Amino acid sequence: MGGLMQVVFDALSLGSLYALGALGIALIFGVMRLVNFAHGDVIAFCVFALLWPSVDAVAIIFAGNLPWFLLIPFTLAVGAGLSVLSEVVVFRRFRRVNPATMMIASFALGFVIRYFLLMLFSSRPKSILLLPGLSQPVEIFGARIPLLQLITILVTIAVLIGLTAFLRRTRFGLEMRAAAENFTMARMLGVRANRVIMGAFALSGALAAAIALILGSQTGTANIMMGASVMLMAFIATVIGGMGSLAGAVIAGFALGAIATVMQVILPPDARAFRDAFVYGAVILVLIFRPQGLLAARGTRERV
Amino acid sequence: MSLLSLSNVSVRYGRLTAVRGVTFTLAEGEVLFITGPNGAGKSSLLRAIAGVTPPAGGRVDFADHDITGEAPEDIARLGLSMVPEGRDVFGSLTIEENLMVGTGMHAATRGWRARAATELEAVYATFPILKERRHSQAGLLSGGQQQMLVIGRALMTTPRLVAIDEPSLGLAPNITDQVYERLIALRAERKLTLLIVEQSSTRAMMIGGRMMLMRGGEIVLDGDARALGQSEAMQAAYFGYGDH
Ligand SMILES: Nc1ncnc2c1ncn2[C@@H]1O[C@H](COP(=O)(O)OP(=O)(O)OP(=O)(O)O)[C@@H](O)[C@H]1O
Ligand SMILES: [Mg+2]
């Protein structure tokens, strides 16, 4: 029983990370058909924003020492800020060109962020102690679950509920949903393009910051590549979920977390190293049968 | 005083010129039909006015503002509401949500929520079917119902001018009748200025007003709908007889 619960919580917490990452991608894809490959680097940036620049192996903590009720808003603001900045400085210029060019611009932006971090901090991973106290276990149904895992899951559920309420109940949420479905039509109804897109980037950046906090506390390291592994799965989740479908992204994120965790348990030890290959195999199977994704978003057609 | 005025407006897609040197003015309260065959440039002209496809040349003025090259949302906020070809309902939103999208443009003014609620009831009074199905997904409506929805949605922004591209597209004649009936009633109620694009001149002749014929990106005829509709010149121009 305890073992099974452990697997369930592992699956849910891993799935949470993928779901949060996939949401960040899907939000932006929804409003501007941009596949933002810089998202993972925003995650890394958020972790490093808590440190003083130094190339030493030992991190010099700066904002990371703040009490949690300041640390969390600070990090969210950093993520949202960087994300909005990237929209204003980079993506705004590419809005009228085709999605492929925008995608390449996002690759370039990702490299710029990564090499900026590399310059200030070197490529060596640093150990950091973020939000200490979260690693102690709690007992649930006979399983000893790290408190952080529990918090990860609860935070994700809270984010999902909050985001749903925001999209369904607020004026800005309504405008965002309309714009995601048909941007030009929304503009002809007076919806301000810049505000909606900046809102989507801010939300997406805040989600990246949430992942940064979770990953930073979980692994105890700051690494300029730390966003990459989560984001690879998150990208896959957005594709399986149906590009631009927020619900699809979340469901696929949790499904991938579950598949990866279960594979880890049931695969013979020798095959575990190839876990990801099995996950990708499952992804290919899904796409063969549903090339449009599980929940194809409406309005993915070309805009005028 | 004219509400809308175009001078020498042209629209290009790469090397193709879809609209060339269109000039006309439209007075407040007027009804103007723009008719013409496939590919005449009617939709391109409308999109240029609404700011969706910025004009390649010329100038557009609306309500005493130069709106040439302005963003669609800014033009909409001046009171020019566009209902594009193919209707473009937000299919995953409910009918009521569709209607509410455009009301946000008045969010900076006091009491806009109350006014939006009043406006919503007015639209529901005009199109009772929309009220009946207010919470269902707009994508599930029939073509005629969608046409009523997008007209209602345009009205929710309390516009001065409504530009509609082919309201009869894909609708059965009796449904088209209904749509036009409401449109004409609304015009009288609200002193709306209407700019309606249709391929054929049939509706224009039934309703009356001013009619322009577009061909090859140019306005070739402009006059009273009933008089023009019956004239030989109209037939000839529509089908392009005597071009060579
Ligand atoms: N987005 C576009 N890109 C390139 N060419 C276009 C585009 N839209 C229209 N055109 C071309 O511009 C010309 C005018 O098209 P437009 O759609 O304005 O005509 P229309 O009068 O609305 O025709 P219809 O009655 O068929 O709707 C056509 O030759 C068309 O092929
Ligand atoms: Mg057309």
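This note comments on a predicted model, taking in turn its confidence, the interface of chain A and chain B, the ligand site and two backbone angles.

1. Confidence in chain A. The pLDDT of chain A averages 87, and 96% of the residues score at least 70. An exception is the stretch 299-304 of chain A, over which the pLDDT is below 50. In the model this stretch nevertheless has 19 contacts beyond near neighbours in sequence. Any reading of those contacts should keep the pLDDT below 50 in view.

2. Extent of the interface. On the side of chain A, 22 residues are in contact with chain B, where 29 residues take part. The two chains bury about 2,200 Å² between them, and carbon and sulfur atoms account for 58% of it. Three residues stand out: R171(A), M188(A) and L189(A) supply 31% of the area that chain A buries against chain B, more than any other three residues.

3. Polar and charged pairs across the interface. There are two salt bridges between chain A and chain B. One of them joins R177(A) to E97(B), with the closest N and O atoms 2.9 Å apart. In addition, 10 residue pairs are found in polar contact across the interface, both partners being at pLDDT 80 or more.

4. Elements of chain A that face chain B. Helix 6 (171-181) and helix 7 (183-188) of chain A each supply at least two residues of the side that touches chain B. Helix 6 provides the largest share, six residues. By type, the residues on this side of chain A comprise nine nonpolar, three polar and 10 charged.

5. The site of ligand 1. Ligand 1 is surrounded by 15 residues, the closest being N38(B), K42(B), S43(B), S44(B) and E85(B). Backbone atoms approach oxygen atoms of the ligand at two residues described here. A polar backbone atom of G39(B) is 2.9 Å from an oxygen atom of ligand 1, and a backbone N or O atom of A40(B) lies 3.1 Å from an oxygen atom of ligand 1. From E166(B), by contrast, it is a polar side-chain atom that lies 3.3 Å from an oxygen atom of the ligand.

6. Backbone angles in chain B. Most residues other than glycine have a negative phi. N8(B), however, has a positive phi, near 60 degrees, and is placed in strand 1 (residues 2-13) of chain B. K191(B) also has a positive phi, near 55 degrees; this residue is in the loop between helix 7 (173-190) and strand 8 (193-198) of chain B.

Definitions and conventions: Residues are numbered from 1 along each chain as its sequence is written. Chains are lettered from A and ligands numbered from 1 in the order in which they are written. Side-chain values use heavy atoms; hydrogens and water are left out. Contact means heavy atoms within 4.5 Å. Buried area is the accessible area (1.4 Å probe) that two parts lose on being put together, summed over both. A salt bridge is a side-chain nitrogen of Lys or Arg within 4 Å of a carboxyl oxygen of Asp or Glu. A polar contact is a pair of N or O atoms within 3.5 Å; within protein, one must be able to donate a hydrogen and the other to accept it, and residues adjacent in sequence count only if both atoms are side-chain atoms. Helices (H or I, at least four residues) and strands (E, at least two) are DSSP runs, numbered from the N terminus. Ala, Val, Leu, Ile, Met, Phe, Trp, Tyr, Cys and Pro count as nonpolar, Asp, Glu, Lys and Arg as charged, and the others, Gly among them, as polar. pLDDT is the predictor's confidence in each residue, from 0 to 100. A residue is near a molecule or strand if one of its heavy atoms lies within 4 Å of it.
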